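Open the model in your viewer and keep the sequence panel in sight. This tour goes from one selection to the next and says what to look for at each stop.

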Amino acid sequence: MKKLISVALAAAMTAAMAAPAMADGVDLTFFNSKMEIDDALKEEAAAYSEEFGVNMTDDYSSDTIAAHMATVYASGNPYVLSMVDAKDIYSMAPDHGLDLSGEDWVDKTTQAISIDGKVYGFPLCVEARGLIYNKTAIEDITGEEFKPEDYATREAFQGLIDKLKEGGMETPTGVMNEDWSLAGHYLPEVYETRDDVQGFVDQLYAGTADLANDERFNDLMDTFDILKENNYAKDEALTAAREDTEMMLAEGDIAFMFGGNWDWAVMNEYDPEGEYGMMPVPQENDTYNKMMVGGGSKYIFIDNTVSEEQQQAGKDFLNWLVNDEEGQDFLVNKCALVPAFTNNTLEVADPLGQSVKAYADANALVGNYNYLPDDHYSKCGAFFQKYLADEIDRAELAADVENYWKNTTPVTSSAEAATEGATE
Amino acid sequence: MNRNKMSYKTGQFLQFAGISTLLFCGVVIIPFIYGLYLTFTDWDGVSVKKALVGGSNYAAALKDMDFWASLGRTLIYSAIAVILINVIAFLLAYAVTRGMKGQNFFRAGFFVPNLIGGIVLGYIWQFVFNRALPKLFTGFPKLLGDPKGAMAALIIVSVWQYAGYMMLIYVAGFMSVSKSLMEAAQIDGCTQSQSTWYVVVPLMRSSFVQCLFLSITRCFMVYDVNLSLTGGDPYGSSVLAAMHVYNQAFTYRNFGVGQAQALILFVICAIVGVTQVYVGKKGEVSA
């Protein structure tokens, strides 16, 4: 018996060693940092390998992207294609990325990232932040059609909230307490929704910005107060689980939550039968209450040290995503992403994505600011969480955020990078 | 053959310890030295260039108030957790060496939490603290939403995780004390508790030294439970030292500063650990 097992084990090991050698074609390794699409990507990698005679493998890590990439580069075995966040392109691509300026897809998007005139980052999709609403739940109570544009101002929005409460929905909103949501997504809108974004950030660094009296800050915080005041988990705002909040939104127990179209992956698990959508954060500013904040999200770069065949295979894959019908179908239907390329006209599958696409098509997206310091979301997130839990008031929050900026080393070359970035 | 010759000795050493020395150098010594080198560079983890920056990382590490705050938290957490772990482990060991019915079952049962990985443990307890307890007892405070509560939760979970493990070491200590010594003490007029206190416990000193060393170093270096149970929340009030070092190095991409802080943490840990073992061993009695 023992002998049998050892023979079987030895055979299994030999087979495992032989397996990679059996597949011919060049190795096309892909690093995926977007958990929602990993299953679809793994399936597609197998199909793509078969069709194009390459050996494509997909690897996902839930680790911080920078940490994972540090390990990969330390081991001297980089991926051919790496999917990272915009800020990672700025820090890694000049060293490790291949110049993709000559690719034909460059003209078909406004979201690619270039540094010093060279295109490095391929935008996987477009994502935007705003207020997610449950249309069905709202209409069930108000009895009239819900048109988000009617509630662009805070007064109108407050009126709707009151109406929902009168109609029996005691707590119409949910607030995600994660630091990346509060200070990675909501707070940055304070910086992003103005004419001179970099100028304001420079003032913050210099300590000359007066946040407490800033029109944008107060406008957005007044709306945040409405969300906070009507939060279903008001008394335990910091322990409410993201999944619960999204479930309640999906099932119509609450009507509004600040988030982004990526939240569909979670909401989709519950009650996808209702009607949902996204709208800009209601505010008094007439320009920004008609625009959502967003742009290219998740960027792919090709490593510049892998073999030429691998680089070519990488380029081919990116072209396939943009130009091939199957590639377009993969992005839009199998991954439920909003494409960043104008030639991809497929109907977006998920309702939140549809809203984002509508705003993107109408040129009503305010660009992401991609040069926030790496610790911004966690440090300012901690202040914002205190505000959410009523530990500090708005003036203290403003002071804390100002202090954070004052004591932070400016992100290098952010000023010149900002002028180069294509996310505007 | 001259057994005093250097070549002979080296040969013998290599035969017995060559591979392990090589491995030890490969996975401990060389990374340690490389890490030390990194503390003098401005590396961000992925860039090709590593410029030497002298001692500025150490200056930044020392000036980082969040680091000292996390270190202070770690000290408090470790002090409370170590005492509780050892007291409970000792009492459990005492209970399951009394010859009660089914004691092997209890030994196994108390040890099980230690077999569950820290990450999983954290998620299980997050569920317990956030959902199960408030559902079972209405009005039960949500510990994880409050800074003090989150620290208390961390301590509770650590005690639950390690008490069973330390219990096993104490059980071995109890078993190693010869019955004849107990009997001799009792013939000399000791009561049961006196013979435990004056005869068994002093003879178990090495168990105490081991358990204290293990629990102190583990508590100082805790990361997994911290990550999955509280994630440093609420508002960064439960970030312990190891997590701060990780964030500094990887999330904020200050590799050099993070590495320098890791080194400071290592030195503190080594001083505490070595002192404790030294003091403990000094008074050890052998039967």
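What pLDDT does chain B average, and what share of the residues score at least 70? This is a predicted model, and chain B averages a pLDDT of 88, with 98% of its residues scoring at least 70. For the model as a whole, the scores are ipTM 0.77 and pTM 0.82.

**Stop 1: chain B**

Select chain B and colour it by confidence. Helix H8 (residues 192-203) of chain B has the lowest confidence in that chain, with a mean of 85. Now select helix H3 (residues 65-95) of chain B, where confidence is highest, at 93.

Switch to a cartoon view of chain B. Look for 12 helices and 0 strands. Read from the N terminus on, the elements run α-α-α-α-α-α-α-α-α-α-α-α. Turn the chain around: the C-alpha trace spans about 80 × 75 × 30 Å along its principal axes.

Chain B has 287 residues, and 35% of them count as buried. Consider next the contacts in chain B between residues at least 6 apart in sequence. Of these contacts, 73% join residues at least 24 apart.

**Stop 2: where the chains touch**

Show both chains. How many residues does each chain give to the contact? Chain A gives 20 residues and chain B gives 18. On the side of chain A that touches chain B, select helix H3 (65-74), helix H4 and helix H15 (376-388) of chain A, each of which supplies at least two residues. H3(A) has the largest share of that side, with 5 residues. By residue type, the side of chain A that touches chain B divides into 10 nonpolar, 5 polar and 5 charged residues.

**Stop 3: the two domains of chain A**

Hide chain B and colour chain A by domain. Domain 1 takes in 2-127 + 295-358, and domain 2 takes in 128-294 + 367-420. The C-alpha centres of these two domains of chain A lie 31 Å apart.

Contact between the domains of chain A involves 17 residues of domain 1 and 19 residues of domain 2. On the side of domain 1 that touches domain 2, the elements giving two or more residues are helix H4 (86-96), strand E4 (113-115), strand E5 (118-134) and helix H14 (351-361) of chain A. Which of these elements gives the most to that side? H14(A) does, with 5 residues. The residues on this side of domain 1 of chain A are 9 nonpolar, 4 polar and 4 charged.

**Stop 4: strand E7 of chain A**

Select residues 256-260 of chain A, which form strand E7. Why can this strand be called largely enclosed by the rest of the structure? The reason is that 5 of the 5 residues of E7(A) are buried. Show the side chains and check the directions. A:Phe256, A:Phe258 and A:Gly260 point one way from E7(A), while A:Met257 and A:Gly259 point the other way, and all are buried.

Add the neighbouring strands. E5(A) and E7(A) run antiparallel and are joined by 5 bridges. One place to look is A:Tyr133, whose bridge partner in E7(A) is A:Phe256. Strand E6 (residues 173-174) of chain A pairs with E7(A) in the parallel sense, over 2 bridges. Here A:Gly174 has A:Met257 as its bridge partner in E7(A).

**Stop 5: three loop residues of chain A**

Select A:Ile37, in the loop between strand E1 (27-32) and helix H2 (38-52) of chain A. A:Ile37 counts as buried because 23 other C-beta atoms lie within 10 Å. Add A:Lys334, which is 297 residues from A:Ile37 along the chain; the C-alpha atoms of the two are separated by 8.1 Å.

Move to A:Ala336, in the loop between helix H13 (325-334) and H14 of chain A. A:Ala336 has a positive phi of about 55° although it is not a glycine. Is A:Ala336 buried or exposed? A:Ala336 is buried, with 21 other C-beta atoms within 10 Å.

The last selection is A:Asn363, in the loop between H14 and strand E10 (365-366) of chain A. A:Asn363 is not a glycine either, and its phi is positive, near 60°. A:Asn363 counts as exposed, because it has 8 C-beta neighbours inside 10 Å.

Key:
Residues numbered from 1 in each chain as written. Chains lettered and ligands numbered in written order. Domains from an automatic or database assignment. Contact = placed C-beta atoms within 7 Å. Helix = DSSP H or I, 4+ residues; strand = E, 2+ residues; numbered from the N terminus. Nonpolar A, V, L, I, M, F, W, Y, C, P; charged D, E, K, R; others polar. Buried ≥ 20, exposed ≤ 12 C-beta atoms within 10 Å, placed from the backbone. Pairing = 2+ DSSP bridges. pLDDT = per-residue confidence, 0-100.
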